[in-house]
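Q: Hey, could you walk me through this one? I'm new to reading structures.

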Amino acid sequence: MLYKDFKESIKSLGFLSIEDFMHYAGVTSNDVLNWEEKNEVPYMVSLILHLLKGEKELFPMNSTLDNVIEECLPLASLLEEVSSFPHKLEEMFLLQKKLNDSTNGKNWELGSNKFGKEINWLRCIHMEVAELIESTPWKHWKNINSAPDMNNIHVELVDIWHFLMSYILQETNVPKAVSLVNTHCIYEASNDVDVKLMVNEAEKLSYISLAIDTGNMPSFSGIERFIDQFFRCCKVSGLSFMWLQKLYIGKNCLNQFRQDNGYKEGSYIKVWNGNEDNVVMVDLLENMDDVSFDDLYSKLKEAYAKCK
């Protein structure tokens, strides 16, 4: 919705001023100034306005309106979040392709890197699943009462995502990859992680890898099974798609930042004012509502300059 349409809509609904709408919708003056500057109102706000416009006779300007807005906000926020998924997926697939082109050389999709070494993404996934399981107290003879390392489990899922995206890109192109994955990203991550269930679901990724690698499952149909099972693992592990995307961008960006600042030459400083660079990176991610490679790279650059 354009800003001018927004102003006309709130007037037609009986609001005496923009400030009145701000009071009812719980938005700030900075929000409104931002909408005016961009000449665009967020989807969640336009959804509320359309709802109220259709039912204005039923909802007078009193506490009932507050209740309507309160009920609509979670759904509107979810719809707005989901609408960004294709863009976030495209960004991740393009970054992964760029990374593979850089490290493996052009035409890595044919199954070999620039040195002639065979690439086996299926084995990579299988090995990362093993590392994920190692982060849980699965052994009946050791540390049976210890807690799973959920932070590392989420990192291992991000590593699996690197390899799964690479496998998908080996079989198809970026637009098709985004189309294949998009609907699987809509899920509610578990708040109460069942460790046994998490391990069982992770192992299924290995089963799919082995089934494809041994010719017992067609490659392309295996991709859809892979995608569905991977996000099932994220769900039961408490890893939301938004945090998966942030961690992926974060790890990809930090790796590039290290290379650009002397990592190979040995001049890179890994501990920044008492904290390792990966800890700094996660702290930055936690304070960013929306993460892009360029924005995070700039923030890493600012933080790194303060430790030199």
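A: Sure, here's a quick chat about the cysteines and two of the helices. This is a predicted model, where local features need pLDDT of at least 70, side-chain atom pairs count only at pLDDT 80 or more, and totals for chains, interfaces and linings use all residues. Residues are numbered from 1 along each chain as its sequence is written, and side-chain values use heavy atoms, leaving out hydrogens and water.

Q: Cool. How many disulfides are there?
A: Zero, after a search of the whole structure. A disulfide here is a pair of cysteine sulfur atoms within 2.5 Å.

Q: Why no bond for Cys-233?
A: Because its closest cysteine sulfur, in Cys-234, is 7.0 Å away, which is too far for a bond.

Q: Is Cys-233 buried or exposed?
A: Buried, at 2% relative accessibility. Buried means under 20% relative accessible area, exposed over 50%, and partly exposed in between (1.4 Å probe, protein chains only). Cys-234 is buried too, at 0%.

Q: New topic: which residues of helix α1 are buried?
A: Tyr-3, Phe-6, Ser-9 and Ile-10, in a helix that covers residues 3-12. Helices (H or I, at least four residues) and strands (E, at least two) are DSSP runs, numbered from the N terminus.

Q: Where do those buried ones sit on α1?
A: They line one face, because they fall within an arc of 115° seen down the axis. That arc is taken from the directions from the helix axis to the C-beta atoms.

Q: And what's on the other side of α1?
A: Glu-8 and Lys-11, which are exposed there.
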